[in-house]
Amino acid sequence: MEKIRVVILGTGFGRSVQAPAFQRHAEFELLAIAGSSAGKTRRLAGELGLKESGADWRELVERLRPDLVSVATPVDLHHPMMLWALDHGANVLCEKPTALHRFQAAEMRDRAASLGRVAAINHEFRFFPARQLALRV
């Protein structure tokens with residue numbers, strides 16, 4: 001089985017949580033990380049053992065053609081990044097909050113459906129014991 005090739009957009013949560021998770025899972029291959037500062041992103045990519053990084057996320061996605069783009073940036077960037085990634089052949093995993101408002105979220109969902117791609121939201125803390133307790137109370 002071929003690995004799912006991933007590019008992460010975002011050097012905060014994307015670097016500290018998502019990158020290690022993708023690297024630990026045998027079915028994923030982390031190709032690159034993109035961030036707003038080329039120097040910082042290059043340094044973080046080196047720490048992760050990645051050969052590819054950059055501040056121009058569009059160029060990175062277009063050149064590497066990943067199967068999955070993980071969007072872990074500030075929320076105001078989620079909508080344009082997800083739509084662009086979907087339009088350029090990738091499935092997308094997006095951090096929450098998904099969008100600035102429900103109209104953006106609906107457009108993101110509809111675009112993925114019309115292209116036959118997956119658009120998912122990451123709810124990584126849903127099984128934490130403290131959250132489960134809070135839901136029960």
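Two strands are taken to pair if DSSP finds at least two bridges between them. In this predicted model, strand 1 and strand 4 (residues 68-71) meet that criterion, with four bridges in the parallel sense. Val-6 has Leu-68 of strand 4 as its bridge partner.

Strand 1 (residues 4-9) is also joined to strand 2 (residues 28-34). Six bridges link these two strands, which run parallel. Here Arg-5 has Glu-29 of strand 2 as its bridge partner. Helix 1 (residues 13-24) belongs to the same local arrangement: strand 1, helix 1 and strand 2 form a β-α-β unit. The unit is right-handed.

These pairings are part of an open sheet of six strands. The strand order is 3-2-1-4-5-6, and the pairing is parallel. Strand 3 (52-54) and strand 6 (119-121) are the edge strands, each pairing on one side only. On average, neighbouring strands of the sheet are turned by 25° against each other, direction ignored. Side chains in a regular strand alternate between the two faces of the sheet.

Towards one edge of the sheet, strand 6 pairs with strand 5 (residues 91-94). Three bridges connect strand 5 and strand 6, again in the parallel sense. Val-92 stands opposite Ala-119 of strand 6.

The chain as a whole contains six helices and six strands. Read from the N terminus, its elements follow the pattern β-α-β-α-β-α-β-α-β-α-β-α.

Helix packing was examined for helix 4 (residues 75-87) and helix 5 (residues 102-115). Their axes come within 10 Å and cross at roughly 5°. Angles under 35 degrees count as roughly parallel, so helix 4 is roughly parallel to helix 5. Helix 4 contributes His-78, His-79, Met-82, Leu-83, Leu-86 and Asp-87 to the contact. From helix 5 come Gln-104, Glu-107, Met-108, Arg-111, Ala-112 and Leu-115. The residues of this contact divide into six nonpolar, three polar and three charged.

Overall dimensions were computed from the C-alpha trace. Along its principal axes, the trace of the chain spans about 45 × 35 × 35 Å. The radius of gyration is 15 Å. A compact globule with 137 residues would have a radius near 14 Å, so the value for the chain agrees with that expectation.

Conventions. Residues numbered from 1 in each chain as written. Predicted model: local features only at pLDDT ≥ 70, side-chain atom pairs only at ≥ 80, totals over all residues. Heavy atoms only, no water. Right-handed = clockwise from strand over helix to strand, strands pointing away. Axes fitted to C-alpha atoms, helices over the stretch in contact; angles between N-to-C directions. Parallel < 35°, antiparallel > 145°, perpendicular 65-115°, else oblique. Contact = heavy atoms within 4.5 Å. Nonpolar A, V, L, I, M, F, W, Y, C, P; charged D, E, K, R; others polar. Rg over C-alpha atoms; globule rule 2.2 N^0.38 Å.
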